[in-house]
Amino acid sequence: MTLRLFNTLTGQQDELKPSDGDTIRMYACGPTVYDFGHIGNFRTFLQVDVLRRFLLLTGHKLRHVMNITDVDDKIIRNATAAGIPISEYTPRFVEAFFEDLDSLRVQRPEVIARATEHIEKMVELVEKLSATGAAYRTEDGSWYFRLSAFPEYGKLSKKDLSGMEDGARVDVDEYEKDSARDFALWKAAKPGETAWDTRIGRGRPGWHIECSAMAMEYLGDSFDLHAGGEDLMFPHHENEIAQSESVTHKPFADHWMHVRFLLVDGRKMSKSEGNFYTLRDLLLKGFKASAIRFALISVPYRHQLNFTFEGLTDATNAIDRLRTFYQRITTGSFPAGENADLQTACKDAHSKYMEALANDLNTAEARAPIFDLVRAANTAIDQGKFSTRDRDAVLAVLQAFDAVFDVLQDCDAEPTQRALEWAKSSGRMDDVAPELVERQSMTDEMIESLIAERTQAKKQRNFARADQIRNELAEKGVVLEDSKDGVRWKRK
Ligand code: AMP
Ligand code: ZN
């Protein structure tokens, strides 16, 4: 099955195929580790995770590269304010980023590349650009890309750049203006800033050259797909194309995927607007990581998504329905045989699900047949018309669903627990929802009585309830150990 994915470069859906006939080589812009990411950032990483998982589900081999921008204007500004070098400033945000990815069950790319470990490759690119006349050095020792050297500039974002001022320059990493300017490839060292001594002088890379260098290092001059949030299309990705293609004279990436924004009240969720939530903020309010994942991916990447708490509550309820059903069919006992209608329903649900994802990763259309199937199967169980072969067929559909959505197994205790530990250690207990604190503060008697109820439930073969109790306790930081002498428990 081939994925038809909208391509910003061609303005239409194109089939995504490995151009080397073997492995899909893709690059997705990673985080800038100057602070904790907000859930808008994570929406983009989650949608790339959906892409990744669907490609794996359809049998593709992947080489997926993600960068970590660990040197840029904002990092330098914050590290300077904190009075520490950037190498001491960024590690805790890198660590937090990976913890958040784990909480959201985002799979790791095959390659994770840090900008500060690829300075040599960036210097090499600037040298090559300089040799062709596409890069020039200014008096202070910085290097700029000469836009007039790349007539195709604007081909990705389709911006009309006819009024472009020749030779006008910009040295900040991010700019939103529509006008295109010669942009900084390398910034001369300023007093007190982190800098590298290199063949092109003492300084540090501009943001755009970082991605070109790391993409080419791990994927070659040309590769299959480049992804990022919609704000990166211009100028970041446009600049990446200009720098790379000016050196290689080959198409940089065939396919460009841009994830549309997460909004709050119609405006982009962003640090500068102050309208953002981090993952930790939401976990401390008592929302589960699985519900956040589900809410952020259930609206397809090509649509903007308005963030609301009701949306998270709906996602929580939807996951509960799925998990209850999953428990029901995995712990219940059913007669041998099959129900022809249900077998057909399974086949239909599976093909609708796969077809919806193959059609530009339409996650909203993909989840619908799964919920329909759950409803049909529940009805069949209620009517005693559900047999072992139906269970197997339904489980196979759920497996395909979960290969991409990954919300069926209850893994929510750990992220919540981690967020609470973080709140404690960073003096943020005031932000913790009272019900979460209450859930955390169980007396020994309450724990013992739940364990007794669980033992009873297991005796009655009510494994769904037994598992529910185990998970409830885990969420409160209580770990159970079943042994032949009974159940032991301890607080984490
Ligand atoms: P940053 O850490 O700022 O470099 O951003 C990491 C990723 O998040 C980039 O791909 C951005 O385009 C993306 N991004 C930033 N804000 C949002 C948002 N509100 N919704 C979706 N993606 C976003
Ligand atoms: Zn990038």
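**Notes on a predicted model with two ligands**

1. Helix α9, which spans residues 289-298, is mostly covered, since 10 of its 10 residues count as buried. Among the buried residues of α9 are A289, R293, F294 and S298. Please keep in mind while reading that this is a predicted model, so that every value in these notes is computed from predicted positions.

2. Strand β9 (residues 182-188) is a second covered element: 7 of its 7 residues are buried, so β9 is largely enclosed by the rest of the structure. Which strands pair with β9, and in what sense? Strand β7 (residues 143-145) is joined to β9 by 3 bridges and runs antiparallel to it, while strand β8 (residues 169-170) pairs with β9 in the parallel sense over 2 bridges. Strand β11 (residues 201-205) also pairs with β9, in the antiparallel sense and over 3 bridges.

3. Individual residues let you find these pairings in the model. Y144 stands opposite A184 in β9, and V170 stands opposite F183 in β9. For the pairing with β11, you can look at W186, whose bridge partner in β11 is P205.

4. Another set of strands forms an open sheet of 3 strands in the order β15-β14-β16, with mixed pairing. The edges are taken by β15 (267-268) and β16 (305-306), each of which has a single partner strand, so one side of each is left without a neighbour in the sheet. Strand β14 (residues 262-264) runs parallel to β16 and is joined to it by 2 bridges; within this pairing, L262 has L305 of β16 as its bridge partner.

5. L262 also appears in the surroundings of ligand 1, where 16 residues form the shell and the closest are G40, T44, D231, L262 and M269. By class, this shell is made up of 6 nonpolar, 8 polar and 2 charged residues. The greatest contribution comes from α1, which gives 4 residues to the shell.

6. Several polar atoms of the protein can be located beside ligand 1. A nitrogen atom of the ligand is 3.0 Å from a polar backbone atom of G40, and an oxygen atom of the ligand is 3.0 Å from a polar backbone atom of T32. At D231 the side chain is involved instead of the backbone, with one of its N or O atoms 2.4 Å from an oxygen atom of ligand 1. How much of the accessible area of ligand 1 does the protein cover? The protein covers 92% of the 490 Å² that ligand 1 has on its own, and the elements that give two or more residues to its shell are α1 (39-57) and β12 (223-229).

7. Ligand 2 is a zinc ion, coordinated by the SG atoms of C29 and C211 and by the NE2 atom of H236, at 2.1 to 2.2 Å. Along the sequence, these donor residues follow the spacing C-x181-C-x24-H. Because C29 lies in the loop between β3 (23-28) and α1 whereas H236 belongs to helix α7 (residues 233-248), the pair ties together parts that are 207 residues apart in sequence. Both C29 and H236 are buried.

8. A last residue to inspect is A377, which lies in helix α12 (residues 363-382). Is A377 buried or exposed? Its relative accessibility is 0%, and A377 therefore counts as buried. A377 and I329 are 48 residues apart in sequence, and their C-alpha atoms are 9.3 Å apart in space.

Terms used: Residues are numbered from 1 along each chain as its sequence is written. Chains are lettered from A and ligands numbered from 1 in the order in which they are written. This is a predicted model: local features need pLDDT of at least 70, side-chain atom pairs count only at pLDDT 80 or more; totals for chains, interfaces and linings use all residues. Side-chain values use heavy atoms; hydrogens and water are left out. A residue is near a molecule or strand if one of its heavy atoms lies within 4 Å of it. A polar contact is a pair of N or O atoms within 3.5 Å; within protein, one must be able to donate a hydrogen and the other to accept it, and residues adjacent in sequence count only if both atoms are side-chain atoms. Accessible areas come from the Shrake-Rupley method with a 1.4 Å probe; for residues, only the protein chains shown count as cover. Ala, Val, Leu, Ile, Met, Phe, Trp, Tyr, Cys and Pro count as nonpolar, Asp, Glu, Lys and Arg as charged, and the others, Gly among them, as polar. Donors are N, O and S atoms within 2.8 Å of the metal (3.2 Å for Na, K and Ca); water is not among the atoms, so sites may look incomplete. Buried means under 20% relative accessible area, exposed over 50%, partly exposed in between (1.4 Å probe, protein chains only). Two strands pair if DSSP finds at least two bridges between them.
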